[in-house]
Amino acid sequence: MKIENSLKRGIAILILVGLSHPTVLPQITEKDISDLRYEILDQSYYELSKSWRIYLYLPNDQYSRENLIRLWRYYCEKYPDKKEYVLDMRVYTKKQNSDEKATSTSKELLFAAMIIRQGISGLPIPGENELMLYYPDLTNPKEWKREVLAGRDPVPN
């Protein structure tokens, strides 16, 4: 009985330690994304909303979920402070739409992907939650995919 209780306590401690020390992903450097043909359209810090916004152009032949995540992880390394600011990355695959940014009201594809790191709420507040909204298939721009990359969905639907 004592051995069984000790074993249970030991397992519980291991679980708690595992939960308190999340897996650390390998660091992504500029070298790790050097094979991607992308262009930085804008990279700005907005003091009022405490957010970094990065707008990238990525050609269709480079567009994939894997490449989006590689770019995202690179910018997460570049701007690591989750408590101080929101990180918002938009990826465009059409140059004419990248110039419009979020000002257009047309149903045209404004951006192909958006990944954001923020807290829980509809408001852009700093936090550790990461959400990716993207078109898995650029030929079908009616189907968004919503994927939580870390934490919880920061924007409940």
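Two residues are in contact when heavy atoms of each lie within 4.5 Å. By this criterion, 52% of the contacts in the protein with a separation of 6 or more join residues 24 or more positions apart. The model is predicted. Of its 157 residues, 36% count as buried.

The protein has three helices and six strands. Along the sequence they follow the pattern α-β-β-α-β-α-β-β-β. Strand 1 (residues 39-46) and strand 2 run antiparallel and are joined by seven bridges. Within this pairing, Gln43 has Ile54 of strand 2 as its bridge partner. Four residues lie between the strands of this hairpin, and Lys50 takes a positive phi near 50 degrees there. Strand 2 also pairs with strand 3 (residues 86-92), here in the parallel sense and over seven bridges. In that pairing, Ile54 has Met89 of strand 3 as its bridge partner. From strand 2 the chain passes through helix 2 (residues 65-78) to strand 3, in a right-handed β-α-β crossover.

Strand 2 (residues 51-57) is mostly covered, with six of its seven residues buried. Ile54 of this strand thus has a bridge partner on either side, Gln43 and Met89. Ile54 and Met89 also belong to the largest nonpolar core, which has 25 residues. Both are among the residues with the most contacts inside this core, together with Tyr63, Leu68, Tyr75 and Leu87. Strand 2, helix 2, strand 3, strand 4 and strand 5 (129-134) each supply at least two residues of the core. Helix 2 gives the most, with seven residues. In soluble globular proteins, nonpolar side chains tend to be buried together.

Tyr63 has a broad list of partners beyond its neighbours within four places in sequence. They are Leu58, Leu68, Thr93, Ala112, Ala113, Tyr134, Tyr135 and Leu138. A second, separate core has nine residues, including Tyr55, Val86, Leu131 and Leu133.

Aromatic residues were examined next. A search of the whole structure finds ten aromatic pairs. One of them, formed by Tyr135 and Trp144, is stacked, with 4.2 Å centre to centre and 25 degrees between the planes. The pair counts as stacked because its planes are under 30 degrees apart. The two residues differ in exposure: Tyr135 is buried, with a relative accessible area of 7%, whereas Trp144 is partly exposed at 42%. Elsewhere, ring pairs link Tyr45, Trp52, Tyr74, Tyr75, Tyr79 and Tyr85 into a cluster. Tyr75 of this cluster is also one of the residues with the most contacts inside the largest core. A charged side chain meets a further ring: Arg53 lies over the face of Tyr46, at 4.3 Å from the ring centre.

Phe111 lies in the loop between helix 3 (95-100) and strand 4 (113-118). Phe111 counts as buried because its relative accessibility, 15%, is under the 20% cut-off. Leaving aside neighbours within four places in sequence, Phe111 is in contact with Arg90, Val91, Tyr92, Tyr135 and Trp144. Its partners thus include both members of the stacked pair, Tyr135 and Trp144. Tyr135 is also in contact with Tyr63. Phe111 and Leu133 are 22 residues apart along the chain, and their C-alpha atoms are separated by 9.9 Å.

Technical notes: Residues are numbered from 1 along each chain as its sequence is written. This is a predicted model: local features need pLDDT of at least 70, side-chain atom pairs count only at pLDDT 80 or more; totals for chains, interfaces and linings use all residues. Side-chain values use heavy atoms; hydrogens and water are left out. Rings of Phe, Tyr and Trp (its six-membered ring) pair if their centres lie within 6.5 Å; planes under 30 degrees apart count as stacked, over 60 as edge-to-face and the rest as tilted. Buried means under 20% relative accessible area, exposed over 50%, partly exposed in between (1.4 Å probe, protein chains only). A charge sits over a ring if NZ of Lys or CZ of Arg is within 6 Å of the ring centre and within 35 degrees of the ring normal. Two strands pair if DSSP finds at least two bridges between them. A crossover is right-handed if, with the strands pointing away from the viewer, the path from the first strand over the helix to the second runs clockwise. A nonpolar core is a set of buried Ala, Val, Leu, Ile, Met, Phe, Trp, Tyr and Cys residues joined through side-chain atoms within 4.5 Å.
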